[in-house]
Amino acid sequence: MNNFLRNLTTTQQIGALFIAVFGILSIVTVWAFVRNLREHASDDPESEARMLEAKRFWGLLKTSWMMATVFWVGWVLGDTVATVLFAIVGFFALREFITLSPTRRGDHRSLVLAFFVVLPLQFWIVGSKMFDLFTVFIPVYVFLALPVVSALANDPQRFLERNAKLQWGIMVCVYGMSHVPALLLLDFPGYRDKGAFLVFFLVFVVQTCMVVQHLLGRRFPHTPVAPQVSQSFQWASWLAGVAAGGVAGGLLTFITPFKPGQALGMALLACVAGSLGHLVMKALKRDRGITSWGMQGMSVTGAGGLLDRVDALCFAAPVFFHSVRWYFGL
Amino acid sequence: MLAKLMSFILLGIVRFLTGSQARWYGCPPKAEQRIYFANHQSHADMVLIWAALPEELRSITRPIAAKDYWTKTPFRQWITTAVFNAVYVDRQATPARPPAPAATEPVGVIGAMAAASADADTATAGGPDPSPDTPPRTPTPEELRAALPESDPLAPLVRALASGDSIVIFPEGTRGHGDEPQSFKSGLFKLAQMFPQVVLVPAWINNVQRVMPKGEVVPVPILCSVTFGEPIQLEAGEERRPFLDRARRAVIALREI
């Protein structure tokens, strides 16, 4: 089996990967649909809770379909389109973030700069493979430029707070997200044009970790570590989730340039970064008194905000990217 | 053709920047004749509410545009007439006029009654001595409409409503600065009197002032929404001020939903 896969061309391998992913998604969807049909009859409180759970599950499934489709489109149309797609995801995530972080009039110019200059520029730098510049562009240059623009607006009220919010939003939604397409362009020796696998590896591993953590936390509830921030975050299910992500990474070794041990290590690293990043974003949400980044109960998908789905990825991608670059000396 | 294309592009831009989400809480999006009244914080309010309405309602709903601002350049004028199908209103004239001179003056009402030919009511109450103080009855909507002078700032709205269109108005008159909307001007009350069959739908426009504050040119992407609430009605005998305050509270209440 492994030999057969290795003998395929890169394109065929990636195609096979997508067939597998869409196949699994279809099976899960059909299973959930059939189960839903059976559930319909009674209306005691227990089945109501189940209905709610099923609804949440549908939301998750929808997101998975969407993400898989986005990846597929990105792969079919090439690296440039994939980079643009991730830029759009970053744009919408930043839009959600800024919407729920109150800004003042004086921030207007800085916001314009963030959305229409910093974001496109960062993704353009990614696309042109200037990895050194891409790493420092936001922390070094933008870090200075945005507060200057805000200061010129002549409004000192809550200046530090406002700027911190904007910087943080850019770090997560633009800087973090831009590291995902950057993986597409890494040049491993003997691993040309297979960056899509690396992206898939990262997303799959982090998503596995999050889902396992979520399901275990629900099934075997322990005392939450930080109940004010998250009712569901607990060490046991967190460790299990990270371990599951690591194992998933180890099993996916054959699609990466890593050896099994390396794949396991990289996967563990990405999972730790992603799940803890998710926790950090939860703390931000609690601070704002909201449960999701989508506008209160009115997001189109009914699945909360986009940022709720991609925040783990935003934290995992930079850690993963730089670890890989450092370890393999790329 | 050009207008169609423009409205398509504009819808795309507005959705890209703001999401322009409509939240129908108190009433469904229905093709009946309505007056939507909303808070006013930015010139973009009109664009947002236009974009938030579903396609079928958008074509029968006419927003109100401030004449001085929206006719300043040929492009603005074209976009308000061809794309938004807006009704122009003279902002300047509104505060200059005392509230409803025609509607409260007995002479005006009598004149209107004469104009409205032989009405059953007129025949019984009228007679040879029309002492203006004695009949305490309120004039009918038709009389009020007929009594409105052509120069009144409300006249274009009345024409639009009379032809069966829905309209969007901002009863504050000007854009507010604070968090709370300013107190409502009497236009809404007069329209409600003149068109009792038209449904009055309150709406709260959220966040638009952050997208494009006064004096800025480039909009910033921030999610906005329009919340439509439960319709209100002008109760029989309800005074102007209580009604306007009630309408304003209905709008503010939508902020918290």
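These legends go with close-up views of a predicted model with chains A and B.

**View 1. The sheet of chain B, strand by strand.**
Chain B has 14 helices and 7 strands. Follow the open sheet across and its 7 strands come in the order β1-β7-β6-β2-β5-β3-β4, with mixed pairing. The edges are β1 and β4 (87–89) of chain B, each of which pairs on one side only. Direction ignored, the average turn between neighbouring strands of this sheet is 25°.

**View 2. Strand β7 of chain B and its two partners.**
Strand β7 covers residues 225–228 of chain B. On one side of the pairing scheme, β7(B) runs parallel to strand β1 (residues 21–24) of chain B, and 4 bridges join the two. With strand β6 (residues 199–206) of chain B the sense is antiparallel, again over 4 bridges. B:Val226 is a handy residue to pick out here: B:Ala22 has it as bridge partner, and B:Ile205 stands opposite B:Val226 as well. Which way do the side chains of this strand point? B:Ser225 and B:Thr227 go one way, B:Val226 and B:Phe228 go the other, and all are buried.

**View 3. Strands β2 and β6 of chain B, with a helix packed on them.**
Strand β2 (residues 34–38) of chain B is parallel to β6(B), and 5 bridges hold the pairing together on paper. One of the pairs to look for is B:Phe37 with its bridge partner B:Pro202 in β6(B). Helix α14 (residues 240–253) of chain B packs on the sheet and touches both β2 and β6 of chain B. The direction of α14 makes about 45° with that of β6(B).

**View 4. B:Ile49 and the largest nonpolar core.**
This core counts 140 residues, and those that touch the most other members are A:Leu202, A:Val206, A:Ala270 and B:Ile49. The biggest contribution comes from helix α8 (residues 195–219) of chain A, which gives 14 residues. Now zoom in on B:Ile49. Setting aside neighbours within four places in sequence, B:Ile49 is in contact with B:Tyr36, B:Ala38, B:Pro63, B:Val168, B:Ala203, B:Ile205 and B:Val226. Two of these names, B:Ile205 and B:Val226, already turned up opposite each other in the strand pairing. In soluble globular proteins, nonpolar side chains tend to be buried together. Over the whole of chain B, 40% of the 257 residues are buried.

**View 5. Where the two domains of chain B touch.**
The division of chain B gives domain 1 (15–97 + 152–256) and domain 2 (103–148). Domain 1 of chain B brings 9 residues to the contact and domain 2 of chain B brings 5 residues. On the domain 1 side, α11 (155–162) and α12 (187–194) of chain B each supply at least two residues. The largest share of that side, 3 residues, is from α12(B). Sorted by class, the domain 1 side has 6 nonpolar, 1 polar and 2 charged residues.

**View 6. Chain A, its domains and its contact with chain B.**
Chain A is assigned a domain 1 (1–76) and a domain 2 (77–328). Taken over C-alpha atoms, the centres of these two domains of chain A are 23 Å apart. What does each chain put into the contact between A and B? Chain A gives 12 residues and chain B gives 12 residues. On the chain A side, α4 (79–99) and α5 (108–127) each supply at least two residues. That side of chain A divides into 6 nonpolar, 3 polar and 3 charged residues.

Terms used:
Residues numbered from 1 in each chain as written. Chains lettered and ligands numbered in written order. Predicted model: local features only at pLDDT ≥ 70, side-chain atom pairs only at ≥ 80, totals over all residues. Contact = placed C-beta atoms within 7 Å. Nonpolar A, V, L, I, M, F, W, Y, C, P; charged D, E, K, R; others polar. Domains from an automatic or database assignment. Buried ≥ 20, exposed ≤ 12 C-beta atoms within 10 Å, placed from the backbone. Pairing = 2+ DSSP bridges. Core = buried A, V, L, I, M, F, W, Y, C linked by C-beta atoms within 7 Å. Axes fitted to C-alpha atoms, helices over the stretch in contact; angles between N-to-C directions.
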